[in-house]
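Colleague: I would like a close look at one part of this protein, namely the salt bridges and the residues that form them. Please take me through them carefully, and then set them against the chain as a whole.

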Amino acid sequence: MKRIYISGPMSGLPDYNFPAFNAAAETWRAHGYEVVNPAENNDTSQSYEWYIRRAILGLLECDAIVMLPGWEKSHGARMEHAIAANLGMTMLYGGGE
């Protein structure tokens, strides 16, 4: 089964954009993917750097990345995109609807 990582903006958005991440995760799971969804670690008490480190570790375990709308405005999502592109991962855009 392919593993897909969900990337997108979180910082500064209502509920950290968790609803969009969770909706995308549900959609991709319905399509048969194993999903790494950083929003499922909904502990918001850690530092930004802590989350980025966990995100990169999760991304490295995946075959593909899906970029949620607005990812271009997120420093972390742009970093994840660059890593995935450099690793030759499959790049998908949108929530997976």
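Modeller: In this predicted model, a good place to begin is the pair made by arginine 3 and glutamate 61, whose side chains meet in a salt bridge with a nitrogen-to-oxygen distance of 3.3 Å. This pair links distant parts of the chain, since arginine 3 belongs to strand 1 while glutamate 61 sits in the loop between helix 2 (48-60) and strand 3 (64-67), 58 residues apart. Glutamate 61 counts as exposed because its relative accessibility is 53%, and the cut-off for that class is over 50%. Arginine 3, by contrast, has a relative accessibility of 21% and counts as partly exposed, the limit for a buried residue being under 20%.

Arginine 3 has a further partner in glutamate 34, and in this salt bridge the closest N and O atoms are 2.8 Å apart. Glutamate 34 lies in strand 2 (residues 34-36) and arginine 3 in strand 1 (residues 3-7), so this pair ties together parts of the chain that are 31 residues apart in sequence. Glutamate 34 is also partly exposed, at 35% relative accessibility.

The search of the whole structure finds three salt bridges, and one of them pairs glutamate 40 with arginine 29, the closest N and O atoms again lying 2.8 Å apart. Here too the pair links distant parts of the chain, with glutamate 40 in the loop between strand 2 and helix 2 and arginine 29 in helix 1 (residues 18-30), eleven residues apart. Glutamate 40 is partly exposed, with a relative accessible area of 44%, and arginine 29 is partly exposed as well, with a value of 36%. As for how the bridges connect with one another, Arg3, Glu34 and Glu61 are joined into one network by salt bridges that share partners. In general terms, side chains of opposite charge can pair when their charged atoms come close.

Another arginine, at position 78, can be described alongside these residues. Arginine 78 is placed in helix 3 (residues 75-86) and is partly exposed, its relative accessible area being 38%. Leaving aside residues up to four places away in sequence, arginine 78 touches Trp71, Glu72 and Lys73. The C-alpha atom of arginine 78 is separated by 8.8 Å from that of serine 7, although their positions lie 71 residues apart along the chain.

These details belong to a protein chain whose secondary structure comes to three helices and four strands, arranged along the sequence in the pattern β-α-β-α-β-α-β. The radius of gyration is 12 Å, close to the 13 Å that the globule rule gives for 97 residues, so the chain is as compact as a globular protein of that length. Along its principal axes the C-alpha trace spans about 30 × 25 × 20 Å, and 38% of the 97 residues count as buried. Among contacts between residues at least 6 apart in sequence, 68% join residues at least 24 apart. The chain exposes about 5,600 Å², of which carbon and sulfur atoms supply 54%. Finally, returning to charge, the chain carries 7 positive and 11 negative charges, and the mean positions of the two sets are 6 Å apart.

Terms used: Residues numbered from 1 in each chain as written. Predicted model: local features only at pLDDT ≥ 70, side-chain atom pairs only at ≥ 80, totals over all residues. Heavy atoms only, no water. Helix = DSSP H or I, 4+ residues; strand = E, 2+ residues; numbered from the N terminus. Rg over C-alpha atoms; globule rule 2.2 N^0.38 Å. Buried < 20%, exposed > 50% of the residue type's maximum accessible area, 1.4 Å probe, protein only. Contact = heavy atoms within 4.5 Å. Areas by Shrake-Rupley, 256 points an atom, 1.4 Å probe, with all protein chains shown as cover. Lys, Arg positive; Asp, Glu negative; His and termini not counted. Charge placed at Lys NZ, Arg CZ, Asp CG, Glu CD. Salt bridge = Lys/Arg side-chain N within 4 Å of Asp/Glu carboxyl O.
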